[in-house]
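Here is a short briefing to read alongside your structure. Have a look at the model first, and then we can walk through a few of its parts together.

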Amino acid sequence: MFKDTPVVREQIKKCVRCGKCRSVCPIFQVYQTENYSPSGQVFLVQMLRDGELEVSEKVAAKASDCLMCESCSSTCPSGIPVPELVAAARAYIGEQRPSAGKDLIFGKLWTNPRLLRKAVAAAGLADSLGFRNIARALGMTSILPGDLPQAEKILGKIPRASARTRIKTVSPAKGTRKTRVAYFLGCGTDLLQPKVALATVEVLNHLGCEVVVSPNLKCCGVPHLANGQKKIAEELVQHNVNILHKLGVDAVISDCASCTSTLKGHLYKDWLKVKVFDLSVFIVEVLGIPSEIRALPHPLTVTYHDPCHLVKAQKIKDQPRQLLKSIPGVELKEMAGADTCCGGSGTFGLTHYEVSMKILEAKINNIRQTEAQAVATCCPSCITQLSYGLRESGLNYPVLHPIQLLHQGLYKR
Ligand code: SF4
Ligand code: SF4
């Protein structure tokens, strides 16, 4: 029951309405009203709990106006996990207002990696054949729900082959094996940024890791949780935990900030018994930065964007920068507000296009000021969002995961 959920029962009463969360909330920055603030979300959950609000379209829309970026919870003096409260409210709203569309996307498609890959590959093929442009010109994309007709542009050119189809289940360590790790290949990296996955596996092998990429793992569950599909998210957790425990690995690694944050977070915490690492932390603190990195063919000025699910949810800030600075030829130039949200947040940019673009605009301006030649970040969703913002602004910077630059330093000549 929603009212009896521990987070709803115990956390709401801790809000002292101090307002400290407002200044850091990207949504509040856009709307500038209390209604669209973290404490406004806490109040909404409280009203739902106490039966003072009926579930309605308006209430559902209000609860959906949150990026789950954790800017508020990492600032709140009472330590209130606002995104967890919002997720509980969305789950309750989802139960009261079932949606056939959401059931299809999150229940049938996003729980079946093979089907999801086929659907995305078909979209990639349609893209390469120019069908998407034709569909746009004919206005056919306008039949998509909500903001999707505009927002599908964010995805850009969809790769035709997923990473999973190009990576073996077990990739051996180069030289002496130091450790055996599971690489948790998230949906965003697999389907939208496969080059990041290929670089991850090759670099881990180079550093002495036997890498297991289980074909049976499914989505970590964060898109389901963010979209009110808590039951499905919990089923995914049980499924993934069972698989991961059978792999006989020393650690679970991911290059996706949202995946590692979810695997370490409240959904998995009581179940998963294997340690989870962000890729940059694992390289910097466990394996050690390799000494044989060679200079890039051309010097490159890079600015780094902190993904919310890395810097706020996991307090990981230094290790990706250390990795970048270790590559000869890379000059790291900090942008103002490197740790502010880019507005992507998984599916948020696709469902809340206008507000997402306002948040993105500020980020792109900060990137522009650095006059960097490339942007680095540790999250496939941020890579997709920032790439779109740069394309739209006429800026021709590549957006890369630090592992791709490290890979270049180890292999490209
Ligand atoms: S910072 Fe925390 S306690 Fe203060 S208003 Fe926001 S949620 Fe409430
Ligand atoms: S999680 Fe982010 S978007 Fe949501 S209320 Fe907190 S600061 Fe605002």
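**A helix and its neighbours**

The buried residues of helix α3 pack against α1 (6-11), α4 (57-64) and α5. Keep in mind that this is a predicted model. The points below start with α3, then turn to an arginine and to the ligand.

**Helix α3**
- Helix α3 covers residues 38-49, 12 residues in all, and its first and last C-alpha atoms are 17 Å apart, close to the 16 Å expected at 1.5 Å a residue.
- Because 10 of its 12 residues are buried, α3 is largely enclosed by the rest of the structure.
- The buried residues of α3 are Pro38, Ser39, Gly40, Gln41, Val42, Leu44, Val45, Met47, Leu48 and Arg49.
- Gly51, just after α3, has a positive phi of about 70°.

**Arg90 in helix α5**
- Helix α5 spans residues 82-96, and Arg90 is part of it.
- Arg90 is buried but makes no salt bridge.
- A salt bridge would need a carboxyl oxygen within 4 Å, whereas Asp65, the nearest side chain of opposite charge, is 7.5 Å from Arg90.
- Leaving aside residues up to four places away in sequence, Arg90 touches Ala63, Ser64, Asp65, Cys66, Met68, Ala226 and Gly228.

**Around ligand 1**
- Ligand 1 is surrounded by Cys15, Val16, Arg17, Cys18, Gly19, Cys21, Ser39, Cys76, Pro77 and Ser78.
- This shell is made up of six nonpolar residues, three polar ones and one charged one.
- Ser39 links two of these topics: it is among the buried residues of α3, and Ser39 is also one of the residues around ligand 1.

Definitions and conventions:
Residues are numbered from 1 along each chain as its sequence is written. Chains are lettered from A and ligands numbered from 1 in the order in which they are written. This is a predicted model: local features need pLDDT of at least 70, side-chain atom pairs count only at pLDDT 80 or more; totals for chains, interfaces and linings use all residues. Side-chain values use heavy atoms; hydrogens and water are left out. Helices (H or I, at least four residues) and strands (E, at least two) are DSSP runs, numbered from the N terminus. Buried means under 20% relative accessible area, exposed over 50%, partly exposed in between (1.4 Å probe, protein chains only). Lys and Arg count as positive and Asp and Glu as negative; His and the chain ends are not counted. Contact means heavy atoms within 4.5 Å. A residue is near a molecule or strand if one of its heavy atoms lies within 4 Å of it. Ala, Val, Leu, Ile, Met, Phe, Trp, Tyr, Cys and Pro count as nonpolar, Asp, Glu, Lys and Arg as charged, and the others, Gly among them, as polar. The expected span of a helix is 1.5 Å times one less than its number of residues.
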